[in-house]
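Hi,

Here is the structure I said I would pass on. Have a look at it first, and then read my notes underneath.

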Amino acid sequence: MTALLSLLLLGLLLATVAPGRLARARWPEREPVLALLAWQSLVVAVLLCCLLSLLLACAAALPALREAVFAGAPSGVEEAYGLAGAEGWGRLTAALLALGALQTAVALTREVRAARALRGARQAHLDDRAPELPAELTAGNRSGAERRTGERLVVLENVRPEAWSLPGPEARLVVTTGALQQLTDRELAAVLSHERSHVRARHHWLAQCAEALATGFPGVGVFSAFRHQVGELVELAADDRAARRHGRLTTALALVEINAGRRVFGSCPPHHLAQAPRRVDRLLAGRPRLTVLHRLRLTLAALVAPAGVVLVALAPALAAVL
């Protein structure tokens, strides 16, 4: 039972201590893509702890399953895990972990269905306001980027300057006539590059997983922090892509123009837009990226968490063999 208890303790530490340390770090603002990797590795490590603990708990509770799990293992490996005679604790632990796994699956399914329904409603709304022309009329007018990626630019009539992306099999980049009138050509290109980054990086998948975990387990801090950090980091990553292609000043000006009429830069900005002033300040500050060696060290450190979980699970087997 040592491995099972070690996995549960490690999962608890990763879910309680690590999120706070990672959230207080200052480097994610300079490397948002790497920060996303670190948060994903942390969440994967916590989930691995739960899944491997569930497997060992089921093996302790069910002798037949234990024989199947350790079938073909070298002599002494099964005894090293100490699962025999722990049926009572195994059943209790397996029941609790299985309930958590079921709750995760239900929350993820609910989130995916809700996202699909919302995306379908928004697509229907777009089709109603800006119907697509027949293919034979638009084939010769589509840009090279649209033909390569399937992204379609949709223009809606609205005096407010707005732009957003609608991900999916037929991804769309939506801008309003207000944005076309208010933004310069370079600023508009930066805005479209930002939204295109969301589509191509599949940020909506990451947001759905984070939302499902946070709503499925509202009392688990690591999942709530993951949802919050994903919402901020994907915007920073998209800003960086636009800034690399069109310049930091142009991207910052485009962000200001898009949000000028939303009271974002006042004393009490709307909660869901409160990040915009910090994004503008970050773009104007222009802090350089971390060195390649520093990024490599952070990448390896991020991968330590899931690798460490696997090592803890295999530790008794390795000790028995070696």
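Below is what I found in it, going from the overall picture down to single residues.

First, a caveat: this is a predicted model. The protein has 322 residues, and 41% of them count as buried. Its secondary structure comes to 15 helices and three strands. If you take the contacts with a sequence separation of 6 or more, 68% are between residues 24 or more positions apart. The exposed surface is about 17,700 Å², with carbon and sulfur atoms supplying 62% of it.

On to the strands. S1 (residues 152-156) pairs with S3 (residues 172-176) in the parallel sense, over five bridges. In that pairing, Leu156 stands opposite Thr176 of S3. S1 also has two distinct faces: Arg152, Val154 and Leu156 make up the covered one, while Leu153 and Val155 are on the uncovered one.

Then the packing. The largest nonpolar core has 46 residues, and the members that touch the most others are Trp27 and Tyr81. The elements that each give two or more residues to this core are H1 (2-16), H3 (32-61), H5 (77-81), H6 (87-129), H11, H12 (221-246) and H15 (292-321). The biggest contribution is from H3, with 15 residues. What does Trp27 contact, once its neighbours within four places in sequence are left aside? The list is Leu22, Leu34, Ala35, Ala38, Leu290 and Leu298. There is also a second, separate core of twelve residues, including Leu173, Leu183, Val191 and Ala254.

Since you may want to look at pockets, here is the second largest one. Its volume is about 660 Å³. The lining consists of 25 residues, and Val46, Cys50, Leu97, Gly100 and Phe217 are the ones that lie nearest the centre. H1, H3, H6 and H12 each supply at least two residues of that lining.

Three single residues are worth pulling up in your viewer.

Thr93 is in helix H6. Is Thr93 buried or exposed? The cut-off for buried is under 20% relative accessible area, and Thr93 has 14%, so it counts as buried. Not counting residues up to four places away in sequence, Thr93 touches Leu4, Leu8 and Ala57.

Ala238 is in helix H12 and is buried too, at 0% relative accessibility. Setting aside neighbours within four places in sequence, Ala238 is in contact with His194, Ser197 and His198. Ala238 and His203 are 35 residues apart in sequence, and their C-alpha atoms are 9.7 Å apart in space.

Arg202 is the odd one to check in the backbone. You will find Arg202 in the loop between H10 (185-200) and H11 (203-216). The phi of Arg202 is near 55 degrees, a positive value in a residue other than glycine. Most residues other than glycine have a negative phi. As for exposure, buried stops at 20% and exposed starts over 50%; Arg202 has 38% relative accessibility, so it counts as partly exposed.

That's the lot from me. Shout if anything looks off when you open it.

Cheers

Technical notes:
Residues are numbered from 1 along each chain as its sequence is written. This is a predicted model: local features need pLDDT of at least 70, side-chain atom pairs count only at pLDDT 80 or more; totals for chains, interfaces and linings use all residues. Side-chain values use heavy atoms; hydrogens and water are left out. Helices (H or I, at least four residues) and strands (E, at least two) are DSSP runs, numbered from the N terminus. Buried means under 20% relative accessible area, exposed over 50%, partly exposed in between (1.4 Å probe, protein chains only). Contact means heavy atoms within 4.5 Å. Accessible areas come from the Shrake-Rupley method with a 1.4 Å probe; for residues, only the protein chains shown count as cover. Two strands pair if DSSP finds at least two bridges between them. A nonpolar core is a set of buried Ala, Val, Leu, Ile, Met, Phe, Trp, Tyr and Cys residues joined through side-chain atoms within 4.5 Å. On a 1 Å grid over the protein atoms alone, a cavity is a set of points where a 1.4 Å probe fits but cannot get out, and a pocket is an open set with protein on both sides within 12 Å along at least five of seven lines; lining residues have an atom within 4 Å of a point. Grid points are joined across faces, edges and corners, and a volume is the space filled by probe spheres set on the points.
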